[in-house]
Structures are given as structure tokens and as C-alpha cells.
Amino acid sequence: MTRLGGAEDDGAGTGDGVVAAALGMGDAVELLVALWSSAAQDVDLRLSPHQLRALRALEAAPDLNLTALAERLGMGLPTASRLCDRLEAAGLLERSPRSRDRREVRLELTAHARRVLADVARRRARALAAALRRMAPDDRAALRQGLRALRAVLDGGAPVRGAEAE
């Protein structure tokens with residue numbers, strides 16, 4: 001892991017502060033992933049990262065079929081099918097034929113899955129809030145501003161003013 005705040009973070013070795021910022025952000029993302037994963041593992045029902053991603057994908061796009069879910073998760077159909085088998089066996093997923101084309105199967109979250117996802121979201125928010133409380137208020141404000149700007153750019157928005165300078 002690259003050390004945040006170390007000599008290499010000033011961009012001196014690369015001549016580019018953007019690269020140093022990207023390296024530092026990568027480190028922060030790794031720590032966030034660990035925090036996210038541990039909060040998800042604290043729920044009563046242990047879910048693998050793939051299972052949790054599948055449930056989140058179905059929550060975000062409730063009309064997915066198996067092919068669309070596999071594409072969204074970047075996995076093959078047989079792997080997605082086995083994943084859905086496990087979710088269905090755990091009472092988190094129901095499969096039903098679509099009314100317009102009975103050969104196509106609709107994937108639907110159960111009420112239990114929705115409760116599990118809400119519990120995971122609450123636990124993640126509490127863990128992240130605990131970390132944010134340990135930051136100085138000015139640093140939290142700067143983080144909020146930076147995340148807003150990054151989200152705008154990643155969502156296809158206009159570049160933030162002064163971005164060309166780096």
C-alpha cells in the first residue's frame with residue numbers, strides 16, 4: 001500500500017500531483033472496502049461479496065433476468081445461475097416466469113433480502129460515521145467537496161474549475 005502523506009505523495013517522483021492523488025485515493029478505497037466488507041459480515045446472515053453485489057444489483061434494478069444480472073456482475077451465466085441458486089436456497093431470492101414470455105425467469109428479492117440489505121446499509125453507515133467523526137470538521141468538509149466534484153466528473157459532468165492546472 002502506498003503511504004498517504006509520504007514523500008512519494010507530493011508528486012516529485014512522477015512530476016504529476018494527479019498521479020500521487022490517485023495513488024492515495026487507491027489506498028483510501030482499499031481501506032473503505034475493508035470497512036464495508038467487515039460491516040457486511042457482521043449481519044446475522046453471512047453473505048459473500050458476490051452474493052451481496054447480486055442482491056444490491058437486484059435492489060437497484062428490480063426487473064433483471066438472469067442474463068442481465070450476469071452481465072451486470074461481469075460473470076458467466078452458469079456462475080450467475082449457481083449464485084442465484086444459493087440466494088434462493090437462503091430465502092433471499094425468488095424466481096418466477098415472466099407473464100409476457102414464460103421462458104424468461106424474473107429474479108425478485110424477498111422481504112427477507114430487503115431487511116438484510118437495510119441492515120447491511122445501517123451497519124456500513126454506522127462504521128463510516130464512526131470514522132468520519134474522528135476527522136476534523138474542516139477535513140470532513142473538504143472530503144465532502146472533493147467527493148462531490150469526483151462524482152460529478154465520473155457521472156460525465158463538466159470538469160471542475162482549475163482541473164487543468166494539475
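**Close-up views of a predicted model**

**View 1. The lining of the second largest pocket.** Val 33, Trp 36, Ser 37, Ala 40, Gln 41, Leu 47, Pro 49, Leu 52, Arg 53, Arg 56 and Arg 124 form the lining of the second largest pocket. Two elements, α1 (17-41) and α2 (49-60), each give two or more residues to this lining. The top contributor is α1, with five residues. Sorted by class, the lining holds six nonpolar, two polar and three charged residues. The space inside this pocket comes to about 190 Å³. As with every view here, the coordinates come from a predicted model.

**View 2. Helix α5 and its buried residues.** Follow helix α5 along residues 111-133. Its 23 residues, at 1.5 Å a residue, should span 33 Å, and the end C-alpha atoms are indeed 33 Å apart, so the two values agree. Buried in this helix are Ala 113, Val 116, Leu 117, Asp 119, Val 120 and Arg 124. Their packing partners are α1, α2 and β2 (105-109). Look out for Arg 124: this buried residue of α5 also appears in the lining of the second largest pocket.

**View 3. Arg 72 and its surroundings.** Arg 72 sits in helix α3, which covers residues 66-73. Because its relative accessibility is 46%, between the 20% and 50% cut-offs, Arg 72 counts as partly exposed. Setting aside neighbours within four places in sequence, Arg 72 is in contact with Arg 53, Ala 57, Ala 60, Ala 61 and Leu 64. Arg 53, one of these contacts, is also a lining residue of the second largest pocket. For a distance to check on screen, take Ala 54: it is 18 residues from Arg 72 in sequence, and their C-alpha atoms are 8.7 Å apart.

Methods:
Residues are numbered from 1 along each chain as its sequence is written. This is a predicted model: local features need pLDDT of at least 70, side-chain atom pairs count only at pLDDT 80 or more; totals for chains, interfaces and linings use all residues. Side-chain values use heavy atoms; hydrogens and water are left out. On a 1 Å grid over the protein atoms alone, a cavity is a set of points where a 1.4 Å probe fits but cannot get out, and a pocket is an open set with protein on both sides within 12 Å along at least five of seven lines; lining residues have an atom within 4 Å of a point. Grid points are joined across faces, edges and corners, and a volume is the space filled by probe spheres set on the points. Helices (H or I, at least four residues) and strands (E, at least two) are DSSP runs, numbered from the N terminus. Ala, Val, Leu, Ile, Met, Phe, Trp, Tyr, Cys and Pro count as nonpolar, Asp, Glu, Lys and Arg as charged, and the others, Gly among them, as polar. The expected span of a helix is 1.5 Å times one less than its number of residues. Buried means under 20% relative accessible area, exposed over 50%, partly exposed in between (1.4 Å probe, protein chains only). Contact means heavy atoms within 4.5 Å.
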